[in-house]
Amino acid sequence: MEMRNDRAQNCAECEFARMYDFGSRIYYCDHANRTDDMGKLGVDGLAGGRPEWCPLREKDSD
Ligand code: SF4
């Protein structure tokens, strides 16, 4: 049985996603290898999917 590995990592389900509540909920990525300075993922929610700079992408595309 063939299972395509297209269950793309989703920030909402990712162990590296963090949320701070500064009046509005700020979500960011806490992965040590992230290349984005801020690592900001969203405000008041996660849109689904993951950003271009997601450090887990490299691993997936190998
Ligand atoms: S950017 Fe990638 S590593 Fe960071 S929280 Fe989202 S899915 Fe996880």
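Okay, let's start with the strands: strand 2 and strand 3 run antiparallel to each other, paired over three bridges. If you want one spot to find on screen, look for Y28, which sits opposite K40 in strand 3. Keep in mind that this is a predicted model.

Now go to the other partner of strand 2. Strand 1, residues 17–22, also pairs with strand 2 in the antiparallel sense, this time over six bridges. One of the matches there is D21, whose bridge partner in strand 2 is R25. The two strands make a hairpin with one residue between them, and G23 in that turn has a positive phi of about 90 degrees.

Next, the loop. Between strand 2 (24–29) and strand 3 (40–43) you'll find T35. So is T35 buried or exposed? It's exposed, because T35 has 12 C-beta neighbours inside 10 Å, and 12 or fewer is what counts as exposed. T35 still has company from further along the chain: leaving out residues up to four places away, T35 touches W53 and P55. W53 is 18 residues away in sequence, yet the two C-alpha atoms are 6.2 Å apart.

Then there's the ligand. It has 13 residues around it, and the closest are C11, C14, A17, C29 and C54. Sorted by class, that shell is 10 nonpolar, two polar and one charged.

Last thing, confidence. The chain averages a pLDDT of 85, with 79% of residues scoring at least 70. Residues 2–6, though, fall below 50, and that stretch has zero contacts in the model beyond near neighbours in sequence. Where pLDDT is low, don't read the predicted coordinates in detail.

Terms used: Residues are numbered from 1 along each chain as its sequence is written. This is a predicted model: local features need pLDDT of at least 70, side-chain atom pairs count only at pLDDT 80 or more; totals for chains, interfaces and linings use all residues. A residue is near a molecule or strand if its C-beta atom, placed from the backbone, lies within 6 Å of it. Ala, Val, Leu, Ile, Met, Phe, Trp, Tyr, Cys and Pro count as nonpolar, Asp, Glu, Lys and Arg as charged, and the others, Gly among them, as polar. Helices (H or I, at least four residues) and strands (E, at least two) are DSSP runs, numbered from the N terminus. A residue is buried if 20 or more other C-beta atoms lie within 10 Å of its own, exposed if 12 or fewer, and partly exposed in between; C-beta atoms are placed from the backbone. Two residues are in contact if their C-beta atoms, placed from the backbone, lie within 7 Å. pLDDT is the predictor's confidence in each residue, from 0 to 100. Two strands pair if DSSP finds at least two bridges between them.
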